[in-house]
Amino acid sequence: ARIYLENIDYRFRFMGALEVLSRGAVELYLARSHECVRGEHAGGEDFFMKGCMDAIGIDHMVDHELLRDRYAGQDMPCTDGWTVAYHFHKKVISWNWCYNEIVCGTRAKSCDAGLEVKYVMPWTPAPTTSTAAMAF
């Protein structure tokens, strides 16, 4: 089957931090993606790729639980057990906190497998923002 996963319930529903495609979808995209190039392109590779896959007939399924993205209002602990990618760790210390939460159960290096961090900030949820208000 030629399928990709919509991976997040935000904006265009396909963020580049995690792109899941079947082998058939990749093969068709590689064979026909040149058909999608039309002058200037606004947006990232993920926006282009999703639009192109839709245009050349690649179908999609939905799993909005695989990816977490702080910019999509999904700032939460890294210990939910289902998420496979976190798109909001642009600083090493933030990534290390997330790693330590998963491996040690706390943001600090509290186990042998943990990573050293200079300081620890407790996790607090970000203010919620309606995704409808953020749509463009």
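User: Before we look at helix α1, what does buried mean here?

Analyst: Happy to start there. This is a predicted model, and a residue counts as exposed when its relative accessible area is over 50%. Buried means a relative accessible area under 20%.

User: Thanks! Which residues of helix α1 are buried?

Analyst: Helix α1 spans residues 23-32. Its buried residues cover an arc of only 100 degrees around the axis, which puts them on the same side of α1. In general, an α-helix has 3.6 residues a turn, so residues three or four places apart point the same way. The buried residues of α1 are A25, L28 and Y29.

User: And which residues are exposed on the other side of α1?

Analyst: The buried side of α1 has cover that includes β1 (3-6) and α2 (45-55). On the other side, the exposed residues are R23 and L30.

User: Let's turn to β1. Is L5 buried or exposed, and with what relative accessible area?

Analyst: L5 lies in strand β1. It touches F14, V20, M61, V62, D63 and L66, leaving aside residues up to four places away in sequence. Because its value falls under the 20% cut-off, L5 is buried, with a relative accessible area of 17%.

User: How far apart are the C-alpha atoms of D69 and A85?

Analyst: D69 sits in the loop between β3 (67-68) and β4 (85-86). This loop residue is buried, with a relative accessible area of 0%. D69 and A85 are 16 residues apart along the chain, and their C-alpha atoms are separated by 8.6 Å.

Terms used. Residues are numbered from 1 along each chain as its sequence is written. This is a predicted model: local features need pLDDT of at least 70, side-chain atom pairs count only at pLDDT 80 or more; totals for chains, interfaces and linings use all residues. Side-chain values use heavy atoms; hydrogens and water are left out. Buried means under 20% relative accessible area, exposed over 50%, partly exposed in between (1.4 Å probe, protein chains only). Helices (H or I, at least four residues) and strands (E, at least two) are DSSP runs, numbered from the N terminus. The arc is that of the directions from the helix axis to the C-beta atoms. Contact means heavy atoms within 4.5 Å.
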